Amino acid sequence: MRLSNSESEAGQLRRITPGGVSSPVRAFKPFPLVIDSGQGCRITDIDGNDYVDLCMAYGPLIVGHSCPRVAKAVRDQTKKGSVFGAPSHPETKLLEKITSTVPSAEMCRMAVSGTEATMHAVRLARGYTKKNGIVKLNGGFHGAHNTVLVAAGSGSVNGTPSSLGVPEDDVRNTYLVEYNDAGMFESLLDRNEDIAGIIMEPVMGNVGVVTPKKGYLAEMRKITKEHGALLIFDEVITGFRLSAGSAQGRFGVTPDLTTMGKIIGGGYPAGAFMGKREIMEMVAPNGPVYAAGTFAGNPVSAAAGLETIDIMAEKGRYDSLEKKTQTLVARMRDALEDSGVRGCIQSIASMFSIYFGVDEVTNGSDAQKADRDMFAEMFDYMLHHGVYLPPGPMEVEFMSAAHDEEAFEKIAKTFEGFLKQVKK
């Protein structure tokens, strides 16, 4: 592989932006690749090296890079204008699609990113309930705003800031519990009456893929109702990925509020928060909970997101993508078992994650026990053999409708090659 152009540009980037990246998850040693183009399930760096992409921009590209239909929708809209600071027809159509498809979305408000959507949802939960406490899951990520930038304490106690610049007062009312442990959450609510709600990923996707135990989500729904707290599903990753109805449609559990991003922008910046009409009517200008943004509901993003959702809604697309993904995962699991290397591969729909050094991951604490060094070795091997993974060991590998049989074979054979190297 020739990487001199990426190395040179990465050096330039380090001089002009912290770490040479605009988001820390993109960084890896010795330097991140600089990407020139993407087509379908493949990307090409500025040195001309091609890769099968398993990062897929961390989730939004469920129909692949440069999808012709999405590209046309964007071109058609940009000819009309890129932003108006006023309602637009693509925004209306996307809102109609979301509210007619997502079970919890009686009303929806657009935002610019997943971070912004979760920030607004937390504020809305507090404003609606007139309570201060917010619960999140250990290992859950809900954007880079102060309330949720917390590290785990000892058990279900107040979190502590996980970033400098976050005052302790900003997380004084943020609590952490473990995923798949409804009893731990209920115990916290029994002791604290000032809990506005819990924000949680129905399927964890920021410590890799961690799925709910049978009955867990329904139990969380029951507990929140009994204690007068709101259940907020963060579906920034899972929204329109696990099914047309998102995770809540797949599992049959309807939260009070939902946040989304990624796929609803079709590869362009977008976010949204949605929920029961009674709660959403609290948002300005109808109510006293403020939420605003110049680019919220951007017509270009809305056009791209709507086309992406429409493509995936076509008959059999979700089922076909899931079947292909699970076939690949089964082959990789067999290879892992045959190799004698300790680890596991966890998956749902078109998402999967590879963990080394552990047999199963059921929550954030389990995920922290995984062998990060082994993952780094795999990432480097796969990269240099033409498969691009998310650089971080706690990220998710994403499949798309554009991944073809050649790509599946490339991924499987490269993973098998890595495992053979480990055995030696």
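This note takes up the nonpolar cores, one strand pairing and one helix packing in a predicted model.

1. The largest nonpolar core holds 67 residues, and those that touch the most other members are Ile-98, Phe-240, Ile-264, Phe-352, Phe-356, Met-378 and Phe-415. Apart from this core lies another, of 31 residues, which includes Met-184, Ile-198, Tyr-216 and Leu-231. As general background, nonpolar side chains in soluble globular proteins tend to be buried together.

2. Phe-356 deserves a separate look, since its contacts, leaving aside residues up to four places away in sequence, include Met-378 and Phe-415, both of which are also listed with Phe-356 among the core residues that touch the most other members. Phe-356 further touches Leu-336, Val-341, Ala-370, Met-374, Phe-375, Phe-418 and Leu-419, along with Arg-342, Gly-343 and Asp-371.

3. In strand β8 (residues 174–177), Thr-174 and Leu-176 point one way while Tyr-175 and Val-177 point the other way, and all are buried. Side chains in a regular strand alternate between the two faces of the sheet. Strand β5 (residues 133–137) runs parallel to β8 and is joined to it by four bridges; in one of the pairings, Lys-136 has Leu-176 of β8 as its bridge partner.

4. Helices α2 (residues 68–80) and α9 (residues 299–313) pack with their axes 9 Å apart, at an angle of about 150°. Because angles over 145 degrees count as roughly antiparallel, α2 is described as roughly antiparallel to α9. The crossing of α2 past α9 is right-handed.

5. At this helix contact, Arg-69, Val-70, Ala-73, Val-74, Gln-77 and Thr-78 from α2 meet Pro-299, Val-300, Ala-303, Ala-304, Glu-307, Thr-308 and Ile-311 from α9.

Methods:
Residues are numbered from 1 along each chain as its sequence is written. This is a predicted model: local features need pLDDT of at least 70, side-chain atom pairs count only at pLDDT 80 or more; totals for chains, interfaces and linings use all residues. Side-chain values use heavy atoms; hydrogens and water are left out. A nonpolar core is a set of buried Ala, Val, Leu, Ile, Met, Phe, Trp, Tyr and Cys residues joined through side-chain atoms within 4.5 Å. Buried means under 20% relative accessible area, exposed over 50%, partly exposed in between (1.4 Å probe, protein chains only). Contact means heavy atoms within 4.5 Å. Helices (H or I, at least four residues) and strands (E, at least two) are DSSP runs, numbered from the N terminus. Two strands pair if DSSP finds at least two bridges between them. Axes are lines fitted to C-alpha atoms, for helices over the stretch in contact, and angles run from 0 to 180 degrees between N-to-C directions. Angles under 35 degrees count as roughly parallel, over 145 as roughly antiparallel, 65 to 115 as roughly perpendicular and the rest as oblique. A crossing is left-handed if the near helix is turned anticlockwise from the far one by less than a right angle, and right-handed if clockwise.
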